[in-house]
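Visitor: I would like a close look at a single part of this chain, with its surroundings described step by step.

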Amino acid sequence: LDFLEKHVKWVHQKHLEDHMRTHTGDRPFVCKDCGRRFVERSGWRQHMKIHTGEKPYKCQVCEKAFLRSHHLKCHLTTHSGKKEYSCSECGKEFGLKSSLDLHLRTHSSERPFHCNVCGKNFNTQRNLRVHTKLHTNEKAHQCGDCGLKIGDLGALKIHLRTHTGERPYHCTVCGSRFIRLAHLRNHQRTHTGERPYKCTELMCKHIVSEKGR
């Protein structure tokens with residue numbers, strides 16, 4: 001019993017130490033490959049699989065493998081077609097409740113992830129992580145073709161398409177293909193005539209299909 005009590009106390013102490021680092025900003029676990037730092041050892045271990053190529057979660061239908069169990073769960077909905085969670089605001093459907101919860105923040109002003117440097121808030125942890133690299137000037141990912149250094153792995157994947165010519169997003173109306181999903185959505189408005197962006201000036205009634213125009 002004494003051993004069990006000591007073990008439980010130790011576990012609680014470790015959790016408290018991990019939690020306190022979210023306030024102090026201390027990130028003692030460092031990736032030797034790219035220099036990225038982590039608050040918890042578990043996060044560091046998960047990250048290291050990116051460099052080793054380890055993908056322990058495998059789809060039994062198509063044998064595609066994934067780094068995280070959550071990614072596998074998301075993938076499985078592409079086989080089952082089951083999307084039991086729908087957004088009450090726009091009707092968009094999701095296979096996972098966590099995906100719906102994340103989506104709902106796009107309709108609300110909820111931004112629970114806070115930058116300790118400049119005070120800016122974000123709706124996802126990933127967006128906060130990308131933002132913090134602006135303060136640290138961290139650019140951990142490098143393009144093997146042109147040498148460009150990029151802070152976000154997702155942005156690097158998109159950049160690589162400029163070299164490979166890959167255009168995974170295609171228009172079902174005219175067949176045009178695009179590097180980014182946002183570019184496809186903007187293009188589709190040329191077919192639908194949708195113009196969702198309105199000038200904020202009181203006397204101006206100008207409405208456009210893309211931001212920045």
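How far apart are the end C-alpha atoms of helix α6 (residues 153-164), and what should its 12 residues span at 1.5 Å a residue?

Guide: This is a predicted model, and within it the 12 residues of helix α6 (residues 153-164) should span 16 Å at 1.5 Å a residue, while the end C-alpha atoms of the helix are 17 Å apart, which agrees. Helix α6 falls within residues 141-168, one of the spans at which UniProt, in an unreviewed entry, places the feature "domain: C2H2-type"; the span is 43% helix and 14% strand, and its end C-alpha atoms lie 22 Å apart.

Turning to the inner face of the helix, the buried residues of α6 are L156, H159 and R161, and these buried residues pack against β9 (141-142), β10 (149-150) and β11 (169-170). An α-helix has 3.6 residues a turn, so residues three or four places apart point the same way. Just after α6, G165 takes a positive phi of about 80°.

From here the description can follow the chain onward to R180, which is found in the loop between β12 (177-178) and α7. Once neighbours within four places in sequence are set aside, R180 is in contact with I158 and Y169, and although R180 and Y169 are 11 residues apart along the chain, their C-alpha atoms are separated by 6.8 Å. R180 counts as partly exposed because its relative accessibility is 39%, which lies between the 20% and 50% cut-offs.

Beyond that loop comes helix α7 (residues 181-192), where R189 has its place. R189 is buried, since its relative accessible area of 15% is under 20%, and its side chain is joined to that of N186 by a polar contact of 2.8 Å.

For an earlier part of the chain, consider residues 29-56, another span that carries the "domain: C2H2-type" feature in the UniProt record: these residues are 43% helix and 14% strand, with end C-alpha atoms 22 Å apart. L67, in the loop between β4 (65-66) and α3 (69-80), reaches back to this span, for its contacts, leaving aside neighbours within four places in sequence, include Q46, K49, I50 and E54. L67 and K49 are 18 residues apart in sequence and 7.2 Å apart in space, C-alpha to C-alpha. With a relative accessible area of 14%, L67 is buried.

Definitions and conventions:
Residues numbered from 1 in each chain as written. Predicted model: local features only at pLDDT ≥ 70, side-chain atom pairs only at ≥ 80, totals over all residues. Heavy atoms only, no water. Helix = DSSP H or I, 4+ residues; strand = E, 2+ residues; numbered from the N terminus. Buried < 20%, exposed > 50% of the residue type's maximum accessible area, 1.4 Å probe, protein only. Polar contact = N/O pair within 3.5 Å; in protein donor to acceptor, adjacent residues only side chain to side chain. UniProt positions renumbered as here; feature names shortened; annotations may be inferred. Expected span 1.5 Å × (residues − 1). Contact = heavy atoms within 4.5 Å.
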